[in-house]
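User: I would like to learn how to read a fold from its coordinates. Can we work through one case together?
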Amino acid sequence: AFIRTLNGRTAVVVMNLATTTQSITVDTGLNVTVFGDIYPTIGGSHTSNATGKVTVSVPGQSVIIIAN
């Protein structure tokens with residue numbers, strides 16, 4: 001996973017190279033922040049916890065992007 005920030009917005013790109021769906025936790029550095037799905041679908045949301053970590057489910061051999 002990697003994170004990019006520009007003009008106060010943060011995008012988190014999470015890759016899963018396994019052939020099965022994986023739950024992946026990423027440290028966003030942003031405590032209790034709502035991130036919306038922007039790729040490959042739009043509309044879902046994920047909230048980071050009090051320590052800035054967010055967990056997402058990524059299908060096998062796929063990429064998802066979430067952003068605040």
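Analyst: We go from the whole chain down to single residues. Keep in mind that this is a predicted model.

User: Start with secondary structure. How many helices and strands are there in the protein?

Analyst: Count the elements, then read their order. Here there are seven strands and zero helices. Along the sequence the pattern reads β-β-β-β-β-β-β.

User: What does the radius of gyration of the protein say?

Analyst: Compare the value with that of a compact globule of equal length. For 68 residues that rule gives a radius near 11 Å; the protein has 11 Å, so the two agree. Check the extents as well. The C-alpha trace spans about 35 × 20 × 20 Å along its principal axes.

User: What share of the residues counts as buried?

Analyst: Buried means under 20% relative accessible area. By that cut-off, 29% of the 68 residues are buried. The accessible surface comes to about 4200 Å², and carbon and sulfur atoms hold 56% of it.

User: How much of the contact set joins residues far apart in sequence, at 24 or more positions?

Analyst: Take the contacts with a separation of 6 or more. Pairs 24 or more positions apart account for 56% of them.

User: Now a single strand. Is β1 largely in the open or buried?

Analyst: Count its buried residues. Strand β1 covers residues 2-6, and of these five residues the number buried is zero, so the strand lies largely in the open.

User: How does β1 pair with β2, and over how many bridges?

Analyst: Look at direction, then register, then the turn. The pairing is antiparallel, over five bridges. For register, Ile 3 stands opposite Val 12 in β2. The two strands form a hairpin with two residues between them. In that turn, Asn 7 has a positive phi of about 50°.

User: Which residues make the nonpolar surface patch?

Analyst: Phe 2, Met 15, Ile 38, Tyr 39 and Val 63 make it, with an area of about 440 Å². Take Met 15 as an example. Met 15 sits in strand β2, residues 9-16. Its relative accessibility is 41%, so Met 15 counts as partly exposed.

User: Last, one residue in full. Where is Lys 53 placed, and which residues is it in contact with beyond its sequence neighbours?

Analyst: Lys 53 lies in strand β6, residues 53-58. Lys 53 is partly exposed because its relative accessible area is 36%, between the 20% and 50% cut-offs. Setting aside neighbours within four places, Lys 53 is in contact with Thr 25, Val 26, Asp 27, Thr 47 and Ser 48. Thr 33 is 20 residues away along the chain, and the C-alpha atoms of Lys 53 and Thr 33 are separated by 9.5 Å.

Note on methods:
Residues numbered from 1 in each chain as written. Predicted model: local features only at pLDDT ≥ 70, side-chain atom pairs only at ≥ 80, totals over all residues. Heavy atoms only, no water. Helix = DSSP H or I, 4+ residues; strand = E, 2+ residues; numbered from the N terminus. Buried < 20%, exposed > 50% of the residue type's maximum accessible area, 1.4 Å probe, protein only. Contact = heavy atoms within 4.5 Å. Rg over C-alpha atoms; globule rule 2.2 N^0.38 Å. Areas by Shrake-Rupley, 256 points an atom, 1.4 Å probe, with all protein chains shown as cover. Patch = residues over 30% accessible without salt bridge, like charges linked within 9 Å, V, L, I, M, F, W, Y side chains within 5 Å. Salt bridge = Lys/Arg side-chain N within 4 Å of Asp/Glu carboxyl O. Pairing = 2+ DSSP bridges.
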